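Here is a short, friendly tour for anyone meeting this protein for the first time. Have a look at the sequence and the fold, and then we'll walk through some of the details together.

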Amino acid sequence: MAGKPGDDGTSWVAFTGTIEAVSSSAVRQCLYPVLIVSGKTVVTGAGTTFIHSDGTAYDGAELAVGMRVYVE
């Protein structure tokens, strides 16, 4: 897992893991879910893109517990 500090002082990392939880409010509203991926909290927002391994985009509402994901 490689990390680097962002402009706001937050550390940014890249890793692969399994989704353990998806915030319920995001599932209901299909906006920016907060995920728990392999024990790490992943916060998504307006600048977040969700892309399938084949390069096609998809909606964050498709994220589900048990999916294997790459986070960057």
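Where in the chain is T48 found? T48 sits in the loop between β4 and β5. Keep in mind that what you are looking at is a predicted model.

**Around T48 and T44**

T48 is partly exposed, since its relative accessible area is 29%, and that falls between the 20% limit for buried and the 50% limit for exposed. A polar atom of the T48 side chain lies 2.8 Å from the backbone nitrogen of G45. Now look along the chain to E72: T48 and E72 are 24 residues apart in sequence, and their C-alpha atoms are separated by 9.8 Å.

T44 belongs to the loop between β4 (40–43) and β5 (68–71) as well. Is T44 buried or exposed? T44 is buried, because its relative accessible area is 12%, and the cut-off for buried is under 20%. Leaving aside residues up to four places away in sequence, T44 touches Y32, P33 and F50. With P33 there is also a polar link: the backbone oxygen of P33 lies 2.5 Å from a polar atom of the T44 side chain.

**The chain as a whole**

Time to step back. The protein chain has 1 helix and 5 strands, and starting at the N terminus the elements run β-β-α-β-β-β. The chain counts 72 residues, and 25% of them are buried. Take the contacts in the chain with a separation of 6 or more: 40% of those come from residues 24 or more positions apart.

**An aromatic pair**

How many aromatic pairs does the structure hold? There is 1. Its partners are F50 and Y58, and their ring centres are 6.2 Å apart with the planes at 40°, so the pair is tilted. F50 has a relative accessible area of 13% and is buried, and Y58 counts as buried too, at 15%. F50 has come up before, as one of the residues that T44 touches.

**Two more loop residues**

S23 lies in the loop between β2 and α1 (24–29). Not counting residues up to four places away in sequence, S23 touches P33 and V34. P33 is therefore a residue you have met already, as T44 touches P33. G39 has its place in the loop between β3 and β4. G39 and I19 are 20 residues apart in sequence, and their C-alpha atoms are 8.7 Å apart in space.

Here is how some of the residues we have visited compare in accessibility:

| Residue | Relative accessible area | Class |
|---|---|---|
| T44 | 12% | buried |
| S23 | 19% | buried |
| T48 | 29% | partly exposed |
| G39 | 56% | exposed |

**The largest pocket**

Finally, the largest pocket holds about 810 Å³ of space. Its lining is made of 28 residues, and V42, T49, Y70, V71 and E72 lie nearest its centre. Two or more lining residues come from each of β2 (11–22), β3 (34–37), β4 and β5. Which element gives the most to this lining? That is β2, with 5 residues. By type, the lining splits into 15 nonpolar, 10 polar and 3 charged residues.

Terms used: Residues numbered from 1 in each chain as written. Predicted model: local features only at pLDDT ≥ 70, side-chain atom pairs only at ≥ 80, totals over all residues. Heavy atoms only, no water. Helix = DSSP H or I, 4+ residues; strand = E, 2+ residues; numbered from the N terminus. Buried < 20%, exposed > 50% of the residue type's maximum accessible area, 1.4 Å probe, protein only. Polar contact = N/O pair within 3.5 Å; in protein donor to acceptor, adjacent residues only side chain to side chain. Contact = heavy atoms within 4.5 Å. 1 Å grid on protein atoms, 1.4 Å probe; cavity = no way out; pocket = protein on both sides within 12 Å on 5 of 7 lines; lining within 4 Å. Points joined across faces, edges and corners; volume = space filled by probe spheres on them. Nonpolar A, V, L, I, M, F, W, Y, C, P; charged D, E, K, R; others polar. Phe/Tyr/Trp six-rings, centres within 6.5 Å; stacked < 30°, edge-to-face > 60°.
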